[in-house]
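Q: Please take a close look at a single part of this structure and describe how its pieces fit together. I would like one connected account, written for someone in the first year of study.

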Amino acid sequence: MMIPSVSRWLKKTLHVFMITALALPVMYAAGTDKASAASAPINANASQAARDLLAYLYSIEDTNILSGQHNFLESPDYWTNQVYAITGKYPAVHGYEMGAISGQTEAQLDDQRQAVVDSAIDWYENGGIVTMMYHANKPGTGYCWAECVQAGTSETEFNQIVTPGTTAYNQLIANIDLVASYLEQLRDAGVPVLWRPFHEMNGGWFWWGQQPNYYKLWDIMYDRFTNYHGLNNLIWVWNANTPNTPWGAPYSTYFPGIDKVDVLAVDVYNNDYQQSYHDDLQTLSQGKIISIGECGEHPSPSTLATSQTKYRWFMTWGEFLTNGNTTAQTQALYSNSRVLTLDEVNIVPGSGGVGGGGPGTVDDSVTGTGLNQFEYVGTWTATSGSSVKYNGGDHYSLTTNSYYQVDFNGTGIKLYGTKDAHHGIAAVSIDGGTEVDSDFYAGTRADNTLIWTSPTLAAGAHTLKVRVKGTKNASSAGYVVTADRVVIDTDTQAPTAPASLTSPSQTQTSINLAWSASTDNVGVTGYDVYRGSTLAGSTTNTSFSVTGLTAGTAYAFTVKAKDGAGNVSAASSTLNVSTASAGSEVIVNDATTGTGLNQFEYVGTWNTSTGAGTYNGDDHYSQTTNSYYQVDFNGKQIKLYGSRDAHHGIAAVSIDGGAEVDVDFYAASRTDNTLLWTSSVLTSGTHTLKVRVKGTKNAGSSGYVVTADRVAVISETVVTTDDRDSAITYSGSWTLDNWTGDYADTEKYSKTTNDYAQFTFTGNKIQVIGYKQHNLGKVGIYIDGALDSTVDLYTSGTGPQQTVLYEKSGLSSGAHTIKLVVTGTKNAASSDYYVVLDAFKVFN
C-alpha cells in the first residue's frame, strides 16, 4: 500500500541552477560496426514505427531541428496549444509527463495518465512525435515532490532498491508495472515513444541522482519494459543535466553504455548553451542522436545552424514558454527555416528497416537489397510531388521484364499501386513460385489502391517479385506497371492468457503449478512462469514446479503464453499461495542413542552402516523379526527417514503404543535419506515413536531389511492468515489495497477511530504482520477482550514489509481472540492516523 502524503505541485524554480524534471530475454542489441550501431535501435525487436522514427531523426542531422514543448500531467495539451496561440504552428514534438507529484489519489492518477495516453494517440495520428518523461517517486513513498521524487537516498538505500528480492525492489517493480500499463496502450495503438526515464542522473536532486549503481536502475527498467511488457515501441533516451560544476557531474560518470541508449540528451537552463555541452555529448554518442531534452530559454537559431548542428530536437519546459521567452523570440524560432513544426514532419514508412510488433508499410522510395526494401531491376522511373500517391510519389515502368522485388519477414504481403487507362499487367510471385497476373488497368485513375494480396504464408522470410509482363487488358492503352508501397503482414496476435492457474501441491521448498492451455491463431510454443516480477522458468507443458523456496512463505505467481513469432499473452490471474510451514523442526540422527528424549533406543539385532547418501553419512539396519527402535520426543508431529531398496521389507510403525501402520521400505532402485512416513498432528507433549521389523515384505522385494537414518520432530506449527481471510471480522471503513511485497500482496487499512479487525484463533502464540510508515498512527491490541498493548506504527519513510509488529506468546491451550482497534492517535512526527493489517501468524 502507498497511502499518499498530499503535497502541492512544485514546478521548477530558477535559482543559481535549474532543478529540472524527468528526466536481457531481449537484451540490448549488439551493433556490428560503428555505423550500424549508431543507426539500429538497442532493442532488436523494436517496432517498425519506432525504427522509422529513429531513422527520421538520423535523416535530419546537420539540416534541421524539431521543435518541442513539454506539458504537465494534469494538463497534457495546455502548453502545446499555447505554442499554437503564439505562433500559429504546433511543435513537432509533444512532451508528456507520466510521473505524479501532486498528492493524487490512485483514481485521479489513472484519469490523468489515461488523458495523456489519449492525447498522445491523437497527436501521433495527426503526424506528430511523442516524447514522455517519468518523475518516478522513490519506492515506498507517495505521489509528492520533496519527500518522494527528491527524497534523500543514501547509496545503501539505493542499492536496496536495485537489488532483486528486497522490499524496495518489489516496490520499484510495482511502480514500473503501473506505468507500463499505459505505455502498452500506446504500443497497441502503434505509437512510438521517445522514452526518457530517470533523467538528470548526474545531478544530486533526485533520488536516483549521482548513484554509483545508477546503471542498474536503467537496466532494470529496460529489462522489465522490454522483456516482460513487450514495449517494443520505445526509443530509449538517456537524458543528463548540463555538466556545470558543481551542480552536474561529467556526462560519462553515470552513462550506462552506448549499447544501452538510442538517444543522448541534455537539459539546458539559464540560457547556458555552452559549446562544450554539445561537443562532449556528441563525442560520447559515437554518432548516435543527441538532443536538448529540456530547456528553459529557447536555443538560438543561429547557434543551431552554425556550431550546435547535431541536436535533433529541443523541448521548452512548460511555463518557460512564456516566463523565460518573449513572444517575439518564440515566433522567431518557430518561423526559422531550420526549425521543423508539426506540419513539416515527414517520417517515411519502412525507412527504418525491418521491425517487429505489427504490420509494416514500406514505401517505394525505400530502396536497397535488404529486408523491407524495394530492389528495382531494369528500367524504372521515380515520381514525386503527388498529393494522392502514398508518401507523395511512386515508381513506374513499361519495359518488359523489368521488375522489383521486396524481401520481407512475415505471414503475408499486400501490393499497392496506381490503376489507370494506360496501365498493363504484372506477373506477381512469391519465393520464385508460380506467377499470377495482376491487372493495373482501370477506366478511371485510382492512386494508392490495393492491387494484389498474397495468400497466408508460413511465418518467416519471403520474397515478393513484381515483373512487367508486357501484356495488357484489351481496353488499356498501354503497359505501365507501378510501385507505390507494400504492406507486410506479421503474426501479431498474442495467445490467450493462461486460465485456471492453481497449485495442486506444495512442500516447504517448492510449489507445483498447473493451468489450462492457451490458444493461438498459429500455435502456442511455450509458457513463462513468473514469481512476482521474476521469471521463475519456462516450459512447453501446462504445469511447472517452482523450487528453492522458503518454508511458510507466501508467493505470487503468474503465467504468460508465447508463440513462435514472439507474441506474448497477457498474464494469467495472479495465484497467491504459500509453501508448507516448517514450524520448529528438530533433526535426530540415528547415531544419537539412549533412552532419553530425542534419542534412538535400539532393541534386538541392529547393525550400523556408512554411506554417502545417508543422513550424516550413517544409518542402522535390521532384518530380524520383532527387532525395533523407539524415539521419545516432545512435539506435535514426527517424520521418519530411511533408505528404500530392492531387498528391503516392511516395518510396523506406531505412536504411543497405538495401532501399528505398515510402512514399506521397498523400491526397485535405491534411494537414501528419503521420507518414509509422517505422523498425524498430535497434541502438544511427550510421545513415543516405535518402528518394528515386521518380517514381511513386498512381493517384489528380495529381503526384509528395515533401516533407521533420522527422524524430524516438529515442535511447533505456524499458520498464516491473510488480511482477506473470511475468518477476520472487520468493523468500520477498512480499505483493501494491493502492494507487492505484502503477504499475498494485499493489506487492509483504516484511519477511522474505533474501526477494528478481530480474529479468533487456537494457538499459544500470535503475531501481527505489517509494516511501519511515516503516515501511520497507533493501534490498540486486545487479547480476549483486554487491552494488551498500544503499538506505534510510525517510522520515518517506509519500513520493511511483513514485519512482526506485535507478538503475544504463552497463551493457554484453546481458542483466543485478538482485536486491533484504530485509536485515532499518533506519534507527533507522523503525518496521519492510518492503521495497516497485512496478516496474522498463529503458532502451536
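A: In this predicted model, the axes of helices α7 and α8 approach to within 11 Å and cross at roughly 45°. An angle under 35 degrees would count as roughly parallel, and the angle here is roughly 45°, so α7 and α8 are described as oblique to each other. Their crossing is right-handed.

The residues that make this contact can be listed for each helix. From α7 come Y169, L172, I173, I176, D177, V179, A180 and L183. From α8 come L217, I220, M221, R224, F225 and Y228. Sorted by class, the contact of α7 with α8 holds 12 nonpolar residues, 2 charged residues and no polar ones. In soluble globular proteins, nonpolar side chains tend to be buried together.

Helix α7 also meets another helix, α4. Helix α4 covers residues 106-125, and its axis comes within 9 Å of that of α7, with a crossing angle of roughly 25°. Because angles under 35 degrees count as roughly parallel, α4 and α7 are roughly parallel to each other. The crossing of α4 past α7 is right-handed. On the α4 side the residues involved are E106, D110, R113, Q114, V117, A120 and I121. On the α7 side they are L178, V179, Y182, Q185 and L186. This contact of α4 with α7 has 7 nonpolar, 2 polar and 3 charged residues. V179 of α7 appears in the contact with α4 and also in the contact with α8.

The nonpolar core gives a wider setting for α7. The largest nonpolar core has 85 residues, and the members that touch the most others are M132, W195, W208, F225 and W238. Helix α7, which spans residues 167-188, gives the most to this core, with 10 residues. There is also a second, separate core of 28 residues, with W739, Y771, V835 and F840 among its members. F225 is thus one of the members of the largest core that touch the most others, and F225 is also one of the α8 residues in the contact with α7.

Two single residues in these helices can be looked at next. S181 is placed in helix α7. Its relative accessible area is 30%, and buried means under 20% while exposed means over 50%, so S181 counts as partly exposed. S181 and H229 are 48 residues apart along the chain, yet their C-alpha atoms are separated by 8.3 Å. Q112 lies in helix α4. At 17% relative accessibility, under the 20% limit, Q112 counts as buried. Leaving aside neighbours within four places in sequence, Q112 is in contact with L73, E74 and Q104.

The loop before α8 holds a residue with a backbone feature to note. E200 sits in the loop between β5 (193-197) and α8 (214-228). E200 has a positive phi of about 50°, although E200 is not a glycine. This residue is buried, with a relative accessible area of 0%. For comparison, N754 has a positive phi of about 75° and is likewise not a glycine. N754 is found in the loop between β45 (746-750) and β46 (756-762). At 55% relative accessibility, N754 counts as exposed. The two loop residues therefore fall into separate classes, with E200 buried and N754 exposed.

A residue in a strand can be set beside the helix residues. D619 belongs to strand β33, which covers residues 618-622. D619 is buried, with a relative accessible area of 3%. N607 is 12 residues away from D619 in sequence, and the C-alpha atoms of the two are 8.5 Å apart in space. Apart from neighbours within four places in sequence, D619 is in contact with D590, N607, T608, S609, T614, S643, R670, T707, A708 and D709.

Last, the whole chain. The chain contains 12 helices and 53 strands. Of its 844 residues, 52% are buried. Taken along the principal axes, the C-alpha atoms fill a box of roughly 110 × 75 × 45 Å. Within this chain, α7 is the helix that lies oblique to α8 and roughly parallel to α4.

Note on methods. Residues are numbered from 1 along each chain as its sequence is written. This is a predicted model: local features need pLDDT of at least 70, side-chain atom pairs count only at pLDDT 80 or more; totals for chains, interfaces and linings use all residues. Side-chain values use heavy atoms; hydrogens and water are left out. A nonpolar core is a set of buried Ala, Val, Leu, Ile, Met, Phe, Trp, Tyr and Cys residues joined through side-chain atoms within 4.5 Å. Buried means under 20% relative accessible area, exposed over 50%, partly exposed in between (1.4 Å probe, protein chains only). Helices (H or I, at least four residues) and strands (E, at least two) are DSSP runs, numbered from the N terminus. Axes are lines fitted to C-alpha atoms, for helices over the stretch in contact, and angles run from 0 to 180 degrees between N-to-C directions. Angles under 35 degrees count as roughly parallel, over 145 as roughly antiparallel, 65 to 115 as roughly perpendicular and the rest as oblique. A crossing is left-handed if the near helix is turned anticlockwise from the far one by less than a right angle, and right-handed if clockwise. Contact means heavy atoms within 4.5 Å. Ala, Val, Leu, Ile, Met, Phe, Trp, Tyr, Cys and Pro count as nonpolar, Asp, Glu, Lys and Arg as charged, and the others, Gly among them, as polar.
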